[in-house]
Structures are given as structure tokens and as C-alpha cells.
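Here's a quick briefing on a protein model with a ligand in place. Have the sequence and structure open as you read.

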Amino acid sequence: MAEFIMAAQNGRNIPTEDKIFGISRRANEMINEKGPDAVVNATIGTLLDDDGDLMVLSSVDDTYMGLEPEEYAAYAPIGGTPAYKKAAIKAALGKYEPKGYVEAVATPGGTGSIRNTIANYSCPGDKVLTSDWHWAPYRTITSEIGRSIDTYQLFTEDGQFNIEAFSKKVHEILEIQDRLVIIINTPAHNPTGYALSNEDWQQVVDCLSYVAPENRIALLVDAAYIDFAGDENKYREFLPILETLPANILPIIAYSMSKTFTIYGMRCGAMICLAPTREIAEEFKRVCEFSSRGTWSNSAKAGQSIIANIFADEELLKKVTQERKDIREMLLSRGKAFEEESIKAGLKIVPFDAGFFASIPCDNPDEISAKLEKKGIFLVPLAMGLRVSIASISEEKCRRIPAEIKRAMEE
Ligand code: PLP
């Protein structure tokens, strides 16, 4: 390909500029020119306060500042420190006590868990299944390792989880390959804010229970936003449903410390299996650690030490949980405000429950986003619509923009 001078393309589609980065740069240029009140920068996927500054849990920050050199400068074991792995399982599963065999492997953020799951539970050339609305890096990760993404329609006409479309795709793909990695990003799905209900989960489990026992399926639950969806216990009620799956289907949780502990830049996460047998769990640990060694080697130790120290101190854990609850409530109010004003303005949004993002379905997202940019509203155009980061704008802005988006769509 002419575009490549020295580098190998290897089937990848590599753009010259990162789309979100470009939009965010233009938003910042306008902020410099016209001031922050004139601009809505709803592109950023991190929690910002009403003034646009990064929100960090102060109790987590204090824990970081108190680390000893041994806790951040030394190598961590390839699979993570034992205290971290224990803490990560606790953080991901909450009060749920699994019946099966649980193993955790430390990864650089949730992204590392996604990469390692795809690399170890699918073969080169395989398709990986996720929904039509999805986080774009799934495609990047699959193309990096010679796999590709296939999708099913996430919603029915009346906005329900589309179990028929899901089931059809699973069976279609299993006609051509023996194994399948399925990524379900829930709750607080990026980019829609959707969450699968327990009934939806039951349907997924029922569907997968009919898959031929010779097939091997890794069911990857991308739970990156689970602690910002609402009540932590309620949003973990689906976990026991996963444990009713047959032995040829392995549930893996991709858990990210990035959002839950506001340590995005620490690159801290874990992949956690809920295996039905000890052999499957031990194999999970062995193959995922091997893969880690061959990619990033060990994950950074500082984040692991922060999480381990928080879980070793009950009072500190309480403080972190309370602080998170406060910012979660702020986020939930922003989401509610955006949803309410969208209804008032007659703006159709994709079924939304909670989280960092909401989406607006439309046929010409690039065109509408360009129009909105002129008015100082910066959103992310996706293949199927526009993504609004409610995590990065104030409640007042969440209330203000639905009517303006609607207007831009009608102009
Ligand atoms: N999954 C989804 C849907 C995300 O949006 C993100 C981050 O934006 C991640 C996973 C992983 O994040 P990280 O690797 O920063 O932990």
C-alpha cells in the first residue's frame, strides 16, 4: 500500500490522525479563543468536574503519595502481586462469592485484559463478536493480532436487548470457526450507557448453553464502568447467572482500575476468570501470564500497590467507596439531566441507563458533528451516530445541548 513507506500494514487500517484527539484539539483552540463557557467539549472519556478539571479520588491520591519505593520501583511478578490479585478479585466481584475457580492476572488497564483474552481464546483469522454499538479499540486490538470484529444489532426496534440477533450471529460464526470470543460491555456501556438486565443475561446464558460442547467460547464481560452504573451490589447481580454456563464457555471479567479508582494513567487492570474447574482456571493463569510476558512483560507496580493497600485498610476502603459514590451521584445526575432534556427536545437517544457516555443515532454523524462544532459543541461522530461524554461536561451543559443537537439535525 502506497501509504506505507517502511512499516508493514499487516491488514490494519491505520488513520493518519486519531479522530477524537483531533476534535479535542479543535475544542481546546476554541476554548482559548472564546472562553470555557462558550464551548462544550463532550469528547473526553474521563470524569471532569464542572470546570473541566480532572476529578481524582483524593483518598486514592493520598495512598499513591504514601507509597514506598519498593511498592512502585520494583518489578511486579508477571501475573501481578498476590495482594493485588486478591484485591482485584474483591473489587471486581464485590460481595459475590463465586462457586467456581477464580484466577486473576494483572493487566495494563482493562485494555490489556481484552487483548489477552482475544489472543488466548481465539485463533489468527477468527472473528470476535461484539455489538454494533461498541468501543472502537476492540477493532484496533483484533486487527493488531490478526483477528477481526463481527457485530450483531444490539437493540430491537423497541430498544430491547436483541437476543435473536445475538443468537443468530453466534451460530453463524460457529459454522466457520470452532472457538469464539464474545465481548459484552456492560453495565454503563460505552458508547450508549446501556446495561444488560438480569433477564437479558439469562437469555444470553440460555442461548450459549445450546452451543455444541466441542466449541470453546470465552465470554468476556468488559466491566470497565461497573462502579459508575449505580448501586454496586445491584449491578453485580448478573455474576451468579454467569456461573450457570456449561464448561465449554468461560466467563472472563475485564476489570479496569482506571475509572473505578480514577487512576487512568497508572495502567492497572485485571482479567478474572470464573472457571468451572481447577484445570481451566490454572490454564487461564498459565496462558495469560505467558502472553503478558510476550507483550508488556509485567504490569506497572504502583497501581497494584495502591489497590492492595486500599483493600488492606478497611477504613481507607470505606473512604474511597464513599468518595466514589459522591462523584457517581454527580455523574448519574448529569445523565438524568441529558436524558430528560432529550425527551423534552424530541431528540432520540440510544437506550441509556448510566455511565460516562450517551449516544444519538443518526445517518450523517460527521456532517452533524461539523455543524455542532461551529456552535461550540464538540461530540464524537461514530459509525452509527454521535457520542456525548456526559462524564466531561457539567449538568448545566447536559441540559443545554440536547435541544441544540436536535436543531442541528433538522437544519
Ligand atoms: N472498555 C471500554 C468500553 C472502555 O471505554 C475503556 C476505556 O476507555 C476500557 C475498556 C479500558 O480502559 P483502560 O485500559 O484505560 O483501563
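Is P98 buried, partly exposed or exposed? Keep in mind that this is a predicted model. P98 has a relative accessible area of 26%, and that makes P98 partly exposed because the value falls between the 20% limit for buried and the 50% limit for exposed. The rest of the briefing puts P98 in its place and then turns to the ligand.

**Around P98**
- You'll find P98 in the loop that runs between α4 (82–93) and β2 (101–107).
- Take G230 as a second landmark: P98 and G230 are 132 residues apart in sequence, and their C-alpha atoms are 22 Å apart in space.

**Where the ligand sits**
- The ligand takes up the space of the largest pocket.
- Two elements, α5 (109–121) and α10 (257–260), give two or more residues each to the shell around the ligand.
- Of these, α5 gives the most to that shell, with four residues.

**Who's in the shell**
- There are 14 residues around the ligand, and T111, D222, S256, S258 and K259 come nearest.
- By type, the shell splits into seven polar, four nonpolar and three charged residues.

**Polar contacts and cover**
- The side chain of Y225 has an N or O atom 2.6 Å from an oxygen atom of the ligand.
- For R267, a polar side-chain atom lies 2.8 Å from a ligand oxygen atom.
- W135 also joins in, with a side-chain N or O atom 3.4 Å from an oxygen atom of the ligand.
- On its own the ligand has 390 Å² of accessible area, and the protein covers 91% of that.

Notes. Residues are numbered from 1 along each chain as its sequence is written. This is a predicted model: local features need pLDDT of at least 70, side-chain atom pairs count only at pLDDT 80 or more; totals for chains, interfaces and linings use all residues. Side-chain values use heavy atoms; hydrogens and water are left out. A residue is near a molecule or strand if one of its heavy atoms lies within 4 Å of it. A polar contact is a pair of N or O atoms within 3.5 Å; within protein, one must be able to donate a hydrogen and the other to accept it, and residues adjacent in sequence count only if both atoms are side-chain atoms. Accessible areas come from the Shrake-Rupley method with a 1.4 Å probe; for residues, only the protein chains shown count as cover. On a 1 Å grid over the protein atoms alone, a cavity is a set of points where a 1.4 Å probe fits but cannot get out, and a pocket is an open set with protein on both sides within 12 Å along at least five of seven lines; lining residues have an atom within 4 Å of a point. A molecule sits in a cavity or pocket if more than half of its atoms lie within 2 Å of its grid points. Ala, Val, Leu, Ile, Met, Phe, Trp, Tyr, Cys and Pro count as nonpolar, Asp, Glu, Lys and Arg as charged, and the others, Gly among them, as polar. Buried means under 20% relative accessible area, exposed over 50%, partly exposed in between (1.4 Å probe, protein chains only).
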